[in-house]
Structure formats: structure tokens, C-alpha cells
Amino acid sequence: MKSLFVASVLSFALALPALAAPRLGEEVPDFEAVSTHGETVKLSDIEGLVVLEWTNDGCPFVQKHYDSGNMQATQKTLTEGGAKWITIISSAPGKQGYVDADEANSIASDHGAMPDYTILDPTGEIGKLYKAQTTPHMFVIDDGILEYAGAIDSIPSGNPADIERAENYVLSAFADISAGKEVQTASSKPYGCNVKY
């Protein structure tokens, strides 16, 4: 009976059209999830600026931005500027980066990270909804509209020495939005480890 149910669910899922990636200048897909601290987070309930950050603590590219303090500094600038920061972990069970809520909170605390919410997405549902490809992969949303999607910065390397001379695309998008301007670099190719779906 169970195998029949699984087969019917799979055939239904295969029959669904593939979801398109969120498009710049358009409304982003909504989602609702429970954070690692037990809060219910519904994206459409958050007004103003929101940053989505896909992460995986085992990824060297993520380590580059956290061990150097770059990601935390970016979080601090945006959250102090009124944005909400949501860190999403889409690693599947048994894959690199998979953690439970306590582990995720401990990692954030050890790094001095300051997201408003951390969401575990072990089924990959939210990651696939956003077509998140890498860790890190960043999305900047303003009042539900996608304003930036891509890499955190302009130099796709794992070398922390490159951070200082790179343009931080997330900070640039935040500055443009805050100044009431169009985001100059609205998209870039994300770099890092593949999301471990």
C-alpha cells in the first residue's frame, strides 16, 4: 500500500510543470517555515527589505565569507539598516551541511552571525522554489519584489584575500535601494558549492 502511495505521489510530482526561477522585478514565491528558534516565518508577512542567504557550513566558499567576518559584516549593515535576513540551509539528510536546529544555532553563535531567522529546508522545497544553486546564493527582495539575485560579490574564488578588492553585490543593492535608485547590478552568476539537495 505504501509503495502505491509513493508511486502515485511521484507520478503526480512528475506531471507538474517545472517551477520557473524567480524573475527580477517581479514578485517572489512565498513560503512559510519554522525557524531554528521555533518562530513561524511567512515571507509575505515581512515588509520592506529581505535578504535570503543559502548556506552550508561545510562549504569552503561559505567558510571564506564567515571565517573572514565578511558575511557577518554584511548581515550587520543590512539588519541595522532595517532589513530582515533569512539564512536557509537546504542540505538533505546525509549530505554536507545537514544540521538540526540546535547545531544550526550553535554554528551561528560560534560565527557571531546575526540572521533574523535561520530556516532548515532538508527537503529542498524552498531551495528549489528559488532555484538556489550554490552556497552562498543571495537574493535581495524589497516589498516582495526581487531586486537582486546571485553571488555575494564580484570575485568568484575561495580565497579570503579577494574579499577586500571585490564588489559586495548585496551591499551595493542595499545602497541603491536605500537611495531610491534602480539596482545597478541586479544579477550575477552565483559561485560556491552546489546546494546539497
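Colleague: Which cysteine forms a disulfide with cysteine 59?

Modeller: Keep in mind that this is a predicted model. A search through the whole structure turns up one disulfide. Sulfur atoms within 2.5 Å count as such a pair, and here they sit 2.2 Å apart, so the partner of cysteine 59 is cysteine 193.

Colleague: How many residues apart in sequence are the parts that this pair ties together?

Modeller: Cysteine 59 lies in the loop between β3 and α2, while cysteine 193 belongs to strand β9. The disulfide therefore ties together parts whose separation in sequence is 134 residues.

Colleague: Is cysteine 193 buried or exposed?

Modeller: Its relative accessible area is 12%. Buried means under 20%, so cysteine 193 counts as buried.

Colleague: Okay, on to the sheet. Which strands stand at its edges?

Modeller: It's an open sheet of five strands, in the order β5-β4-β3-β7-β8. An edge strand here has a single partner, so one side of it is left without a neighbour in the sheet; that goes for β5 and β8.

Colleague: Do β4 and β5 pair in the parallel or antiparallel sense, and what handedness has the crossover?

Modeller: Four bridges link β4 with β5, in the parallel sense, and one of them matches isoleucine 88 with isoleucine 119. Between the two strands the chain passes through helix α4, and this β-α-β crossover is right-handed.

Colleague: What is the bridge partner of isoleucine 141 in β8?

Modeller: Strands β7 and β8 run antiparallel, joined by five bridges. Isoleucine 141 has as its bridge partner in β8 leucine 146.

Terms used. Residues are numbered from 1 along each chain as its sequence is written. This is a predicted model: local features need pLDDT of at least 70, side-chain atom pairs count only at pLDDT 80 or more; totals for chains, interfaces and linings use all residues. Side-chain values use heavy atoms; hydrogens and water are left out. Buried means under 20% relative accessible area, exposed over 50%, partly exposed in between (1.4 Å probe, protein chains only). Two strands pair if DSSP finds at least two bridges between them. A crossover is right-handed if, with the strands pointing away from the viewer, the path from the first strand over the helix to the second runs clockwise.
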